[in-house]
Amino acid sequence: MDFHPKDLPVAKTFDLKDEKDALEAVEEMVNMGFNNRKEGFRVLMPKEAKIAKRMGYTITTGVTSGLRDKNEIRDIKYWTYHHDQEHYAIVLISNKTLTELGF
């Protein structure tokens with residue numbers, strides 16, 4: 001990997017506190033969509049492994065499911081990484097956009 005996920009352009013950053021926030025973030029990302037967008041989305045999660053795993057699963061499966069329900073392309077790449085001392089992060093971006101940006 002020639003880049004770090006934090007270097008990707010993002011349209012919005014979601015700072016999650018609990019699983020309810022994760023569901024709301026999924027809904028907003030799906031409504032905003034990934035097609036025809038030159039950036040992705042960043043999701044910050046508390047650095048508590050058990051909670052972060054549940055939130056990460058909710059985000060990744062929720063986005064895929066939501067895009068399928070809207071009959072949109074589900075070719076989304078995502079990376080999970082240590083964002084800072086207090087957060088894990090997931091960056092989600094369309095594979096097409098990733099290619100266009102040269103990554």
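From the N terminus on, the chain follows the order β-α-β-α-β-β-α, where helices (H or I, at least four residues) and strands (E, at least two) are DSSP runs numbered from the N terminus. The model is predicted: local features need pLDDT of at least 70 and side-chain atom pairs count only at pLDDT 80 or more, whereas totals for chains, interfaces and linings use all residues. Residues are numbered from 1 along each chain as its sequence is written, and side-chain values use heavy atoms, with hydrogens and water left out.

**Exercise 1. Characterise the overall fold and dimensions of the chain.**

Step 1. Count the elements: the chain holds three helices and four strands.

Step 2. Test the dimensions against the globule rule. The radius of gyration is taken over C-alpha atoms, and the rule is 2.2 Å times the number of residues to the power 0.38. For 103 residues a compact globule would have a radius near 13 Å, and the chain agrees because its value is 13 Å. Along the principal axes, the C-alpha atoms fill a box of roughly 35 × 35 × 20 Å.

Step 3. Examine the contacts (heavy atoms within 4.5 Å). Of those in the chain with a separation of 6 or more, 71% join residues 24 or more positions apart.

**Exercise 2. Describe the surface and the charges.**

Step 1. Take the accessible area from the Shrake-Rupley method with a 1.4 Å probe; for residues, only the protein chains shown count as cover. The chain exposes about 6,200 Å², of which carbon and sulfur atoms supply 47%.

Step 2. Classify the residues: buried means under 20% relative accessible area, exposed over 50%, and partly exposed in between (1.4 Å probe, protein chains only). Buried residues form 42% of the 103 residues.

Step 3. Count the charges, with Lys and Arg as positive and Asp and Glu as negative, leaving out His and the chain ends. Each charge is placed at NZ of Lys, CZ of Arg, CG of Asp or CD of Glu. There are 16 positive and 17 negative side chains, and the centres of the two sets lie 3 Å apart.

**Exercise 3. Identify the nonpolar cores and the elements that supply them.**

Step 1. Apply the criterion: a nonpolar core is a set of buried Ala, Val, Leu, Ile, Met, Phe, Trp, Tyr and Cys residues joined through side-chain atoms within 4.5 Å.

Step 2. The largest such core has 20 residues, and those with the most contacts inside it are Leu-16, Met-29, Phe-34, Val-43, Met-45, Ile-59 and Leu-92. At least two residues of this core come from each of α1 (19-32), β2 (40-46), α2 (49-69) and β4. A second, separate core has nine residues, including Leu-8, Tyr-81, Val-91 and Leu-98.

Step 3. Inspect Phe-34. Not counting residues up to four places away in sequence, Phe-34 touches several residues, among them Met-29, Phe-41, Val-63, Leu-67 and Leu-92.

**Exercise 4. Compare the surroundings of Met-55, His-87 and Thr-13.**

Step 1. Met-55 belongs to helix α2 and counts as buried because its relative accessibility is 0%. Leaving aside neighbours within four places in sequence, Met-55 is in contact with Leu-16, Lys-17, Asp-18, Glu-19, Ala-22, Met-45 and Pro-46. Met-55 and Asp-18 are 37 residues apart along the chain, with 7.5 Å between their C-alpha atoms.

Step 2. His-87 lies in strand β4 (residues 87-94) and is buried, at 13% relative accessibility. Outside the residues up to four places away in sequence, His-87 touches Asp-15, Leu-44, Met-45, Lys-47 and His-82.

Step 3. Thr-13, in strand β1 (residues 10-15), is partly exposed at 37%. Beyond neighbours within four places in sequence, Thr-13 is in contact with Arg-42 and Leu-44. The C-alpha atoms of Thr-13 and Gly-40, 27 residues apart along the chain, are separated by 9.2 Å.

**Exercise 5. Locate Asn-36 and Asn-71, and give their backbone phi.**

Step 1. Asn-36 lies in the loop between α1 and β2. Asn-36 is exposed, with a relative accessible area of 79%, and has a positive phi of about 55° although it is not a glycine.

Step 2. Asn-71 lies in the loop between α2 and β3 (76-84). Asn-71 is exposed at 73%, and, although not a glycine, it has a positive phi of about 55°.
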